[in-house]
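Got the viewer open? Here is a walk through the model, one selection at a time.

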Amino acid sequence: MANRLYFFRRFFDMVICKLFGLRIILHIRGSGFDKFYEKSSTVGRYFIRLTLRSSDMNIALSDHWKTFLSQLTDTEKITVIPNGVKYS
């Protein structure tokens with residue numbers, strides 16, 4: 001979700017889903033998500049945090065990403081599902 005337009009489009013999708021009482025699970029992918037967050041404006045960062053906090057669950061691919069995301073949302077909402085592909 002590191003692409004700026006994609007991320008903010010998903011925010012509005014989430015709002016619609018919440019209006020219908022649907023649960024939201026976000027899969028945070030893209031190794032540049034931390035840089036995307038850091039380069040975002042104050043308003044952009046607010047919407048990123050709001051999006052993560054409004055979801056029912058956030059899936060991270062590693063403990064590293066869980067640690068990063070825990071700065072933006074409740075740790076209880078973050079689940080680590082390791083990448084199924086081994087790399088070195």
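Start with Met 57: is this residue buried, partly exposed or exposed? Select Met 57 and show its surface: the relative accessible area is 28%, so Met 57 is partly exposed. Keep in mind as you click around that this is a predicted model.

**Stop 1: the sheet**

Met 57 belongs to strand 2, so color the strands next, following the DSSP assignment. There are three of them, forming an open sheet in the order 1-2-3 with parallel pairing. Strand 1 (25–27) and strand 3 (78–80) are the edge strands, each pairing on one side only. Look at how neighbouring strands sit against each other: on average they are turned by 25°, ignoring direction. As general background, strands of a sheet pair through backbone hydrogen bonds, either parallel or antiparallel.

Now zoom in on the join between strand 1 and strand 2. These two run parallel and are joined by three bridges. Pick Ile 25 and you will find that its bridge partner in strand 2 is Met 57, the residue you began with.

Slide across to the other join. Strand 2 and strand 3 also pair in the parallel sense, over three bridges. Select Asn 58 and look for Ile 78, its bridge partner in strand 3. Then select Ile 59, which stands opposite Thr 79 in strand 3. If you like using the distance tool, try Met 57 to Thr 79: they are 22 residues apart in sequence, and C-alpha to C-alpha they are 7.1 Å apart in space.

**Stop 2: Leu 26**

Go back to strand 1 and select Leu 26, which lies in that strand. Is Leu 26 buried or exposed? Its relative accessible area is 8%, so Leu 26 is buried. Draw a distance from Leu 26 to Arg 10: the C-alpha atoms are 9.4 Å apart, with the two positions 16 residues apart in sequence numbering. That takes you neatly to the next selection.

**Stop 3: two salt bridges**

How many salt bridges does the model have? The count comes to two.

For one of them, show the side chains of Arg 10 and Asp 13. Their closest N and O atoms are 2.1 Å apart. Arg 10 and Asp 13 are three residues apart in helix 1, so about one helical turn separates them. Arg 10 is partly exposed, with a relative accessible area of 25%, and Asp 13 is partly exposed too, at 30%.

For the other, select Lys 18 and Asp 56, where the closest N and O atoms are 3.5 Å apart. This pair links distant parts of the chain: Lys 18 is in helix 1, while Asp 56 is in the loop between helix 3 (42–54) and strand 2 (57–60), 38 residues apart. Check the surface here as well: Lys 18 is partly exposed at 35% relative accessibility, and Asp 56 is partly exposed at 30%.

**Stop 4: a nonpolar patch**

Stay with helix 1 (residues 4–19), where you will find Val 15. Val 15 is partly exposed, at 36% relative accessibility. Add Ile 16, Leu 19, Phe 20 and Leu 22 to the selection and switch on the surface. Together with Val 15 they form a nonpolar patch on the surface, with about 550 Å² of accessible area.

**Stop 5: the core**

Hide the surface and go inside. In soluble globular proteins, nonpolar side chains tend to be buried together. Which residues of the largest nonpolar core touch the most other members? Select Phe 33, Ile 48, Leu 52, Phe 68 and Leu 69: of the 16 residues in this core, these are the ones. To see where the core comes from, color helix 1, helix 2 (33–39), helix 3 and helix 4 (63–69), the elements that give two or more residues to it.

**Last stop: Asp 34**

Finish in helix 2 with Asp 34. Would you call this side chain's residue buried or exposed? The cut-off for buried is under 20% relative accessible area, and Asp 34 counts as buried at 16%. For a last distance, go from Asp 34 to Trp 65: these residues are 31 apart along the chain, and their C-alpha atoms are separated by 8.7 Å.

Definitions and conventions:
Residues numbered from 1 in each chain as written. Predicted model: local features only at pLDDT ≥ 70, side-chain atom pairs only at ≥ 80, totals over all residues. Heavy atoms only, no water. Patch = residues over 30% accessible without salt bridge, like charges linked within 9 Å, V, L, I, M, F, W, Y side chains within 5 Å. Areas by Shrake-Rupley, 256 points an atom, 1.4 Å probe, with all protein chains shown as cover. Salt bridge = Lys/Arg side-chain N within 4 Å of Asp/Glu carboxyl O. Helix = DSSP H or I, 4+ residues; strand = E, 2+ residues; numbered from the N terminus. Buried < 20%, exposed > 50% of the residue type's maximum accessible area, 1.4 Å probe, protein only. Pairing = 2+ DSSP bridges. Axes fitted to C-alpha atoms, helices over the stretch in contact; angles between N-to-C directions. Core = buried A, V, L, I, M, F, W, Y, C linked by side-chain atoms within 4.5 Å.
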